[in-house]
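Visitor: Please take me closely through one part of this model, the place where the two chains meet. Then follow on to whatever else deserves a look.

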Amino acid sequence: MQHPTILMQGITKIFATDEMETHALRGIDLQISSGDFVSICGPSGCGKSTLLSLLGLLDMPSGGSYQIEGKEVSGLSLSEAAFIRNEKIGFIFQSFNLIDELTVFDNIALPLRYRRQSVAKSEIEDRVMACLKTVDMTHRASHRPNQLSGGQQQRIAIARALVGSPALLLVDEPTGNLDSRNGDAVMDMLCELNNNGTTLCMVTHDPRYADMASRKLHLLDGRILDSDGTPIQQHTTALRQVAAR
Amino acid sequence: MLTIKDFSTALYALSKAKGYAATVVLTLGLTLGTLIAMFNLNYQILQAPLPYADEEQLVVGSTAWLDKDGSVLYPRIMPSGLIQQFYDKPSDKLSAHALLRYQTLAMTLRDLADSPQVQVSYTTPGYMQMFQMPMVQGRAFSADEDIGSKNAVAVLTEHVWRNHYNADPALVGRKVRIGDIDFTVVGIAAAAFSEPQLLGPSRHTDVWLPWDMNPRQQNISPASLNGWHFYLGKLKNAAERQAFEQEIAPELNSKYQDVNAANASEAGRSLLFSAEPLRQLLQGDSSGRTLWMLAGSLMLLLIATANITNLLLSRAAKQQRTMSIQAALGAQRHHLFSQILAELGCLLAAALLLALGVAQSAYWLLQSYAASTLPRLSALGFDWPTLVFALLTTAVMALLFAQLISRQINYKALQQNLQSSGKGSGLQISSNTRQLLICSQVALAALLLVCSAQVLLQSLDQLRQHIGFSSEQRFQIAIDDTTPRPDSSLTTEQRQMASNLRKDELMQITDVFRQHPAVQQASVSNDAPISYAGTFSAMTFLPAMDNPDHIVESRITTTDQHFIPLFNIQLLQGRNFSAQEVTARTPVVIINQAFAQQLQPDGQVLGQRLYSRQGLAYEIIGISANHNLPDEWSVEEPFRSFIPRNLINNSTLLLHLKPGMHIDKTALNQMMAQVSLNFRAASIYSIKDNVDRVLLSNYLAAAVTTALVVLSFVLAAIGIYGVLSYSVQLRRFELGVRMAIGARPLTILRQLLGENLKPVLAGLVLAAVLLAALWLGLQQTTLMVELSAGGFAVPLLLIVLLTVLTSLLSVWGIIRKPAIYALQGQ
């Protein structure tokens, strides 16, 4: 049987200082299958960004199990986590996070240059140009990020996230720094990607865009809530059964 | 305008950044202190007024002895018999004049039980008048003690008076015995008297005696040339110095030619009189060294300045939010400038205080360890020029730093900073500035490291070399010898006999010494391989009698058969003197390898003959190994010769004591008294100390350059780390993004290294260019520099290694944590 793209069980994250412990996530159970488009909503401080960091292996959980395509990743070294991130996950940030010193082409090519097995120059070029075509930015390949508008920068960020053919795209407030026209355009692009089979997990404040996802999760005080506001229990048994297999 | 509030705010802010404040104060304090000390040293040597009235009119007359081709056989040598004629009829260009001779022989205060050794100078009343000798008791020499009076009077230093006569006020008028004469003390020169040290800083005078009492002067031949004699003058007009020289020089040379007319081997040789300004003579060649030291300290301060700039920029970056709020509330650029200046003022004031302490320590170190090599060290202190220099330098640095930081602040961006929820970057130092800082830092550090390393290796090489003779447990006994000198009225044979008798007595003394249980071996000679006073005797040899134009000057040791084994001097060829040769004064000679190779390039000269000026043939019976001990007179191994003939005027006893054994003056005097009461031990000098004294400049160079190497390396480390760390802090988010899209820690490190090494390599290239320019510059000077590949390679490798380590250190806090920390700016 095919493994789910993401499988989290009982994930906790505690931020500890000398004086106190903050429980950012309290036993998250989550499954995302290939081709899903999941949106995560919730008020500020509910743990959305922390969950996204854990999903993207930017941080490690304090407890629980986390599998990507059936492989346990919760205890990986920084270096191993970097490889998984590079090969399986694409990131789209609210503030685009393009590197000013690099051209658009080089920004997009960056994930391929960090590959465990080096990628041929010609292949990098083909894939970058294909991604630029996907986001309709081919003509801007040699520009620097600061020569682009916010909407254009976010399209480049999407292209960079796509170039490595990741199993999952993690999207953090993709429209937060954009006006509504550009925001809509980006969301249309994400929906189209999902329609073409890309798995997406998006954190957003905007209920309009959250509704565009196929699944919508609410987060409060570090727990995933059901639509009526109670923690989700019904999935837990099924999830554990999947994990046992 | 800065207010007290500005300073109190600055102090509070600094109390919250103690590490930063301590680094700035320590770095600047150490380097500024060194610069202040070096400034003062150079000021004292080059510019500070001498403590004598009308110093610019004071000149020191001496002559250079020129060979037939015009080359200088000996500089600063004096026909003391002839110069006295000029003293008797002084030039009308002089308002005062004096003769001065430093005694080379050991002399003691024989009226005291412990017969302490004293350094004696013979002079005329004009000396004390010209240099305004202050007296604590009695008076200076008067006209009654001038040449011809033969008055046995003495002026003692306050040091001798206090240490050996308990500052007895009744000493003036009493007699003290020096050599075999009783001198009436007429005055005590105050300790405040700054003696013009014409022989260099290591020679001072304890007792001044009248010129007439100079034993050498009594039997001197007019043709005799002597070192350590000077004709001192005070010109009526300083501008007439050359005219004075031109007045004396031809006449003196003419007189010299006249007295040597009968001596064929001297034909063509001449004397050139010169009247050097006193300041120039006292300064000697020390200004070259001290200016280098000043340049080195300035370089250190420049490196420190680059470091501090980095630290200040980092600090300014960290204060970005505070500045943004101030800008949002209406602070103008000059308000921010005042705030920076107040903080810098506090830091630099603390650094200045520390610097003055460092300078004071440097004075103490110089006075303790370099007093015999650098002049006027006793004058070092916080005089007005030095304090003004220190304050000006500090103020200029404060203003420059404040201006630099102020310029780097993007004021407009600061104002917008708060508008973008603090996510902007209003105070980022441009990449070019950072690269330039690293490049300049590396260039300066590499330049200083390479120069210091070259000098250090050269000094260590010299220190590691075997000096060519043994010095452990070897001692030189300076003898106060009151044996009556043969009168010039005696025939040569009679004088020879008197000399032989004296040598026989000294050899009997060494026989007595050898009976002492502490003594391993004893010898007698005119000089030790390295003398406590730095003196040596010289003899001219003619390799061929039929060619009087070809002469070879050699340092001569007149000794016995025990000298060479006593010092373990290696004989490369031939043999030592036999006892019979010593007793019979056989004309045989042992020469060193350098001398042998001068005679024959292959050095095979055993059995050949060398001739004295008088025509006596010496057979070469041995070749000794060269010494490796360049001294103040010769940087290369001079020609040396050893003969078992009569001792020259001075004589010294040499002892090799058994391990762990000691011997004191009383025991030595008792043993000497068994043979003759004319001999007393003036002082016992350790040959090892004599060697160390000669090597002091190497030790000093090694110590100073080691300190420079360490300091410049530490400064470079702090500076490069500061820039890289700051640079990484600015790029923290970018690095987080790279990590988020899959860059591993090693990849990040590799990338940073690649980027950091570029300005480092540019700095190294710049340093190479500067070094090449320096090298070309040195070719135009007389400085001898031996280059070593290690002296280049090691510093450069160290800097590259330093870059690698500081790169790792600066990024370690980011790459050892999950990527989210960098993305969140933690």
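Guide: The contact draws 18 residues from chain A and 14 residues from chain B. This is a predicted model. Take the side of chain B that touches chain A. Three helices of chain B each supply at least two of its residues: helix 21 (732-740), helix 22 (745-779) and helix 24 (819-823). Helix 21 of chain B gives the largest share, four residues. By type, that side of chain B divides into 10 nonpolar residues, two polar and two charged.

Now the cores. The largest nonpolar core holds 167 residues. Which of them touch the most other members? From chain A, they are A:Ala159 and A:Cys201. From chain B, they are B:Ile303, B:Ala445, B:Ala446 and B:Leu448. Look at B:Ala445 in detail. Leaving aside residues up to four places away in sequence, B:Ala445 touches B:Ile303, B:Ser712, B:Leu715, B:Ala716 and B:Ile799. B:Ile303 thus appears twice: as a contact of B:Ala445, and among the members of the core that touch the most others. Another core lies apart from this one, with 109 residues. Its members include B:Met107, B:Phe131, B:Ile509 and B:Phe541.

Next, helix 1 of chain A, residues 48-55. This helix is mostly covered, with eight of its eight residues buried. The buried set takes in four leucines, A:Leu51, A:Leu52, A:Leu54 and A:Leu55. A:Lys48, A:Ser49, A:Thr50 and A:Ser53 are buried too. Just past the end of helix 1 of chain A, the backbone of A:Leu57 takes a positive phi of about 60°.

Chain B has positive phi values as well. B:Arg76 is not a glycine, yet its phi is positive, about 45°. B:Arg76 sits in strand 2 (residues 72-78) of chain B. Is B:Arg76 buried or exposed? B:Arg76 counts as buried, because it has 20 C-beta neighbours inside 10 Å, and the cut-off for buried is 20 or more.

B:Asn166 is another non-glycine residue with a positive phi, of about 50°. B:Asn166 belongs to a loop of chain B, between helix 5 (158-165) and strand 9 (175-178). B:Asn166 is exposed, because 8 other C-beta atoms lie within 10 Å, and exposed means 12 or fewer. So the two part ways in their surroundings: B:Arg76 is buried, whereas B:Asn166 is exposed.

Notes:
Residues are numbered from 1 along each chain as its sequence is written. Chains are lettered from A and ligands numbered from 1 in the order in which they are written. This is a predicted model: local features need pLDDT of at least 70, side-chain atom pairs count only at pLDDT 80 or more; totals for chains, interfaces and linings use all residues. A nonpolar core is a set of buried Ala, Val, Leu, Ile, Met, Phe, Trp, Tyr and Cys residues joined through C-beta atoms within 7 Å. Two residues are in contact if their C-beta atoms, placed from the backbone, lie within 7 Å. Ala, Val, Leu, Ile, Met, Phe, Trp, Tyr, Cys and Pro count as nonpolar, Asp, Glu, Lys and Arg as charged, and the others, Gly among them, as polar.
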